Amino acid sequence: MTRKQKKMFSRILIAFVVFIAALLLPAIWLPGPIPLISVGQDRNGCGGYALARWPIFLIPYLIIGWDILWKAARNIRNGQVFDENFLMCVATIGALIIGEYPEAVAVMLFYQVGELFQNVAVSRSRQSISALMDIRPDYANIQRDGQLVQVDPEEVAVEDVIVIKAGERVPLDGTVLEGTSALDTAALTGESLPRDVGVGDEVISGCVNLSGLLHVKVSKPFGQSTVARILDLVENSSEKKAQAEHFITKFARYYTPIVVFAALALAVVPSLTTGQWGTWVPRALNFLVVSCPCALVISIPLSFFGGIGGASKQGILVKGSNYLEALAQVGVVVFDKTGTLTQGEFAVTAVHPEGIGEGELLELAALAEQFSTHPISKSIVAAWGGTPDQGRAAEVEEVAGHGVRAVIDGRQVLAGNRKLMDRENISVALDHDHPGTVIHVAVEGKYAGHLVIADRPKATSAQALRELKAAGVRETVMLTGDAQGAAQAVAQELGLDQFYAQLLPADKVERVEALLQEKKPRETLVFVGDGINDAPVLSRADIGVAMGALGSDAAIEAADIVLMDDDLLKLPVAVRIASQTLSIVRQNVVFALGVKLLVLALSAAGRANMWAAVFADVGVSVLAILNASRMLKAK
Amino acid sequence: MKKTFKLIDLDCANCAAKMENAIKKIDGVTDASVSFMAQKMTIEADSAQFDGIMKQVVKVCKKVEPDCEIVL
């Protein structure tokens, strides 16, 4: 509890004790009648004058409620009439006037207890959300005059060398100059496996250095470092409000005046016709207590804030409540293929030798391709696994668009596509229809087999797609610039509903627009890409999700939701968090409004006392806040 | 120009909503957002008159919630 809250707590205790004392106090006899504060009473058979109860109860009332009275007066002067302070004042003063002294004090007491509780609950959840996002580094170690000094990360300039000891947080982005270590990226990505770094590797601010001592050359000022950007993004996320939030603030603006006028009508109209002011005025006072919309106004942003906080703990950055709301209604998910569903790296997936051994085929291809920097050539060398010996290859000649011709160990070797084989009049036994790129190899003019090179799907892609379906996604679509065959193979392997191949970047935007037209009215379309080259598509979709964003500024900039690491499984997690947030929001709206309407109806019928009314105000707020704080533990 | 300010002792969510509405009505303010959760306020307004606008912002906020202080 803060100091302010502690002070309030002791005030409540004092008021409570005085209130109990006032309840138990025996009659105080006065020597004679005093106007207003004495009442005539029977004293041992003869007439006497006792102190009236109202001055006694006024003491605890003022102890507990003076600030409410003061605030109400001040707000009326400022033209703010219908605030809860004013409503509480009218309700309790009304109760005092009609002689319900203990009720007036109890209601005020109960109200203050509820307010305090609400205050504590909100600041607790706010703190725990901030703690989730606590990745801000406090200092950076820098060498000055041969000594290591701690400075504010903001003071460190680009090109400075900082020292990060084991257990410290990386304060700024940079490149390792010296040392090796393992970095814990959990605070950024939610990924628990540490990442190994050595000389020449990039390190990202916000990670924790687990083992070794690192010397790092700073590459960006603090304001542009990963950690500062992420914090900025999360802190500003509450600016983009969800429709539910807009609805509730709008609702609150009408709700309170309507209930207040209903109370006025309830106090006056039946009383004039029946003359029973004593029955109707207390009922109307209940209305006033129930009229505060705070339960709704607090708990809904809190639910969204909690959802965003819970997601960021998992390495999912959501740029606004509105995106969380939209994500809960996701119907179509469109994926970019390379780098999103697949690893974006080529690998040899099949070796089909003819007349020679598998190892020999790979070796020949690798030796022939060793000088090429093309990713496909590199993947062949990597698949072979050996260190290519330049001496074994001679007369290496690249045939542009076809492949490579070389003399390996004195034998003429050709490695390349079908066109190369045709050009050299080498018959290819079968026309293979493989997913991916096929590299044919011929030795001394004779076909020796082929290698299949493809971009492998990520290990988690298939599971992520299944989980998305389970989370309510109707359709999954893949877009790619790759050839039909390669695209089809990936789509089938992963179980996508639709795919579109051979698309240029501009075609992807058109496709997404067509899909946006086709989708059902109340569902949203999500586009998932790696943030490279797909910024226009990301912004065109209802929600653009960029993944593998650690270190990629463009992706953080362009997307609405950012998955910090490469794991597609984070997407179903995000959808689940979004749906859970929305269901808590709905629960809170229904619960709070339900209880309030119920108490209003019961009060009008004379079945609810002021205690019920105070419960419908602060009690409901507290319960709604507790419900909202469940989002902090979202998985 | 867009600027963010920290708020101290913003105690009630409804007040935050009221403050936001009141700020939006000030001349020269293009957009405003008061976040109860983050205890922050973001104001987008004409750069030339920003200081004058901020004075008005402080005034309307004092009216709605006198206990809340804006860190300028």
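1. Which residue just after H2(A) takes a positive phi? Gly79(A) does so, with a phi of about 85°. Please read this and every other value here as coming from a predicted model, in which local features need pLDDT of at least 70, side-chain atom pairs count only at pLDDT 80 or more, and totals for chains, interfaces and linings use all residues. Residues are numbered from 1 along each chain as its sequence is written, chains are lettered from A and ligands numbered from 1 in the order in which they are written, and side-chain values use heavy atoms, with hydrogens and water left out.

2. On helix H2(A) itself, helices (H or I, at least four residues) and strands (E, at least two) are DSSP runs numbered from the N terminus. H2 of chain A covers residues 53-77, and although it has 25 residues, its end C-alpha atoms are only 32 Å apart, short of the 36 Å that a straight helix would reach at 1.5 Å a residue; the expected span is 1.5 Å times one less than the number of residues. The helix has a kink of about 65° centred on Gly65(A), where the bend at a residue is the angle between axes fitted to the seven residues ending there and the seven starting there. Gly65(A) is also among the buried residues of H2(A), which include Pro55(A), Pro60(A), Tyr61(A), Ile64(A), Asp67(A) and Arg74(A); buried means under 20% relative accessible area, exposed over 50%, and partly exposed in between (1.4 Å probe, protein chains only).

3. Helix H15 of chain A (residues 461-470) has Ser461(A), Ala462(A), Ala464(A), Leu465(A) and Leu468(A) as its buried residues. Seen down the axis, these fall within an arc of 165°, so they line one face of the helix, the arc being that of the directions from the helix axis to the C-beta atoms. On the other side of H15(A), Arg466(A) and Ala470(A) are exposed. The cover over the buried residues includes strand S14 (330-336), helix H11 (337-341), strand S21 (475-479), helix H16 (484-494) and helix H20 (570-604) of chain A, with contact meaning heavy atoms within 4.5 Å. After H15(A) comes Gly472(A), whose phi is positive, near 105°.

4. A salt bridge is taken here as a side-chain nitrogen of Lys or Arg within 4 Å of a carboxyl oxygen of Asp or Glu, and by this rule the count comes to eleven over all chains. One of them is formed by the side chains of Lys241(A) and Glu20(B), at 2.5 Å from N to O. Lys241(A) lies in the loop between helix H6 (226-235) and helix H7 (243-274) of chain A, and Glu20(B) in helix H1 (residues 13-24) of chain B, so the pair joins two chains. Glu20(B) is buried, with a relative accessible area of 8%, and a network of salt bridges links Lys241(A), Glu20(B) and Lys24(B).

5. Within chain A, Glu523(A) and Arg474(A) meet through their side chains in a salt bridge of 2.6 Å, N to O. Glu523(A) lies in the loop between helix H17 (505-518) and strand S23 (524-529), and Arg474(A) in the loop between H15 and S21, so the pair ties together parts of chain A that are 49 residues apart in sequence. Glu523(A) is buried, with a relative accessible area of 11%, whereas Arg474(A) counts as partly exposed at 34% relative accessibility.

6. For aromatic contacts, rings of Phe, Tyr and Trp (its six-membered ring) pair if their centres lie within 6.5 Å, and planes under 30 degrees apart count as stacked, over 60 as edge-to-face and the rest as tilted. The structure holds three such pairs over all chains. In the stacked pair of Phe251(A) and Tyr255(A), the centres are 5.4 Å apart and the planes 20°. These two residues are four residues apart in helix H7 of chain A and are thus separated by about one helical turn. Phe251(A) counts as partly exposed at 23% relative accessibility, while Tyr255(A) is buried at 9%. Ring pairs link Phe247(A), Phe251(A) and Tyr255(A) into a cluster.

7. Two lysines deserve a look. Lys570(A) lies in helix H20 of chain A and is buried, with a relative accessible area of 10%; among the residues that Lys570(A) touches are Glu191(A), Gln314(A) and Asp565(A). Lys6(B), in strand S1 (residues 2-8) of chain B, counts as partly exposed at 47% relative accessibility.

How values were computed. Lists of a residue's contacts leave out its neighbours within four places in sequence.
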